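Student: Could you take me through the aromatic rings in this one? I'd like a close look at how they pair up and what sits around them.

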Amino acid sequence: DPFELNVIYKRIPAALRDELARVHCAEVAALIRELTGADEVQVTSPGILRFSEKSGRAGSTDNSHPARFAHVDINDVTAAQFAARGAAGREFTRSAAYNLWRAISPPPQDVPLAFCDARSFTETDLIVAQAIFDPPDGAPEWSFESWVAAHNPAHRWYFYPDMQADEAVLFKTNDSDPARAHCIPHVAFDDPLAPADAPPRISIEMRATAYWWA
């Protein structure tokens, strides 16, 4: 797999993995094409499951903890590398990376995801960081560059409470077009309004790259 997510893929339960490959990847690609007008969309992750700590399942698979720090999944260097690999030599005028996030546990979510308004931060708020993955099954460690977001009181954060399983948030993690919103920092947080007996959050994340061909 050119995006080196095969380890995560193999650790998803087989029945869910097959359903994701058969149905959901095509749904994600079609949705992004419809919303963006892209010529082609490649789903680069077959699904990343994450669990809030209260579930007892956080860390049970690779990359399954909620992301408790404000970040952007990939930075410009990684986005360019991933887009070039996916294009396989074909020229494109624009590429954009997207993340589709769904809560598949019932509301209210104890650890929802918050999103930073792209108009409220500047590039100086983004710090280069290495996303390092050390799979527990002995597969080789691998990494790529991403960003973490420094605190800035000017940032405006939003979240969607009480999400249902048939709802999703689609947000951008990179765009090669400098005239457009570049990326969306995001973070998992404890919702102080969620009751103590709220069900532990389980979510699934799908990543994709959209292309506009030359």
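Tutor: Let's start with a word we'll need: a residue is buried if its relative accessible area is under 20%, exposed if over 50%, and partly exposed in between, using a 1.4 Å probe and protein chains only. This is a predicted model, where local features need pLDDT of at least 70, side-chain atom pairs count only at pLDDT 80 or more, and totals for chains, interfaces and linings use all residues. Residues are numbered from 1 along each chain as its sequence is written, and side-chain values use heavy atoms, leaving out hydrogens and water.

Now the rings. Rings of Phe, Tyr and Trp (its six-membered ring) pair if their centres lie within 6.5 Å; planes under 30 degrees apart are stacked, over 60 edge-to-face, the rest tilted. The whole structure has six aromatic pairs. Take phenylalanine 82 and phenylalanine 144: their ring centres are 5.7 Å apart and their planes meet at 70°, so this pair is edge-to-face. Phenylalanine 82 lies in helix 3 (residues 76-87) and phenylalanine 144 in strand 7 (residues 142-149), so the pair ties together parts 62 residues apart in sequence. Helices (H or I, at least four residues) and strands (E, at least two) are DSSP runs, numbered from the N terminus. Both of these phenylalanines, 82 and 144, are buried.

Tyrosine 211 and tryptophan 213 are stacked instead, with 4.9 Å between centres and 5° between planes. Both tyrosine 211 and tryptophan 213 are buried too, and they form one aromatic cluster with Phe92. The charged end of arginine 90 sits over the ring of tryptophan 213, 4.2 Å from its centre; that label needs NZ of Lys or CZ of Arg within 6 Å of the ring centre and within 35 degrees of the ring normal.
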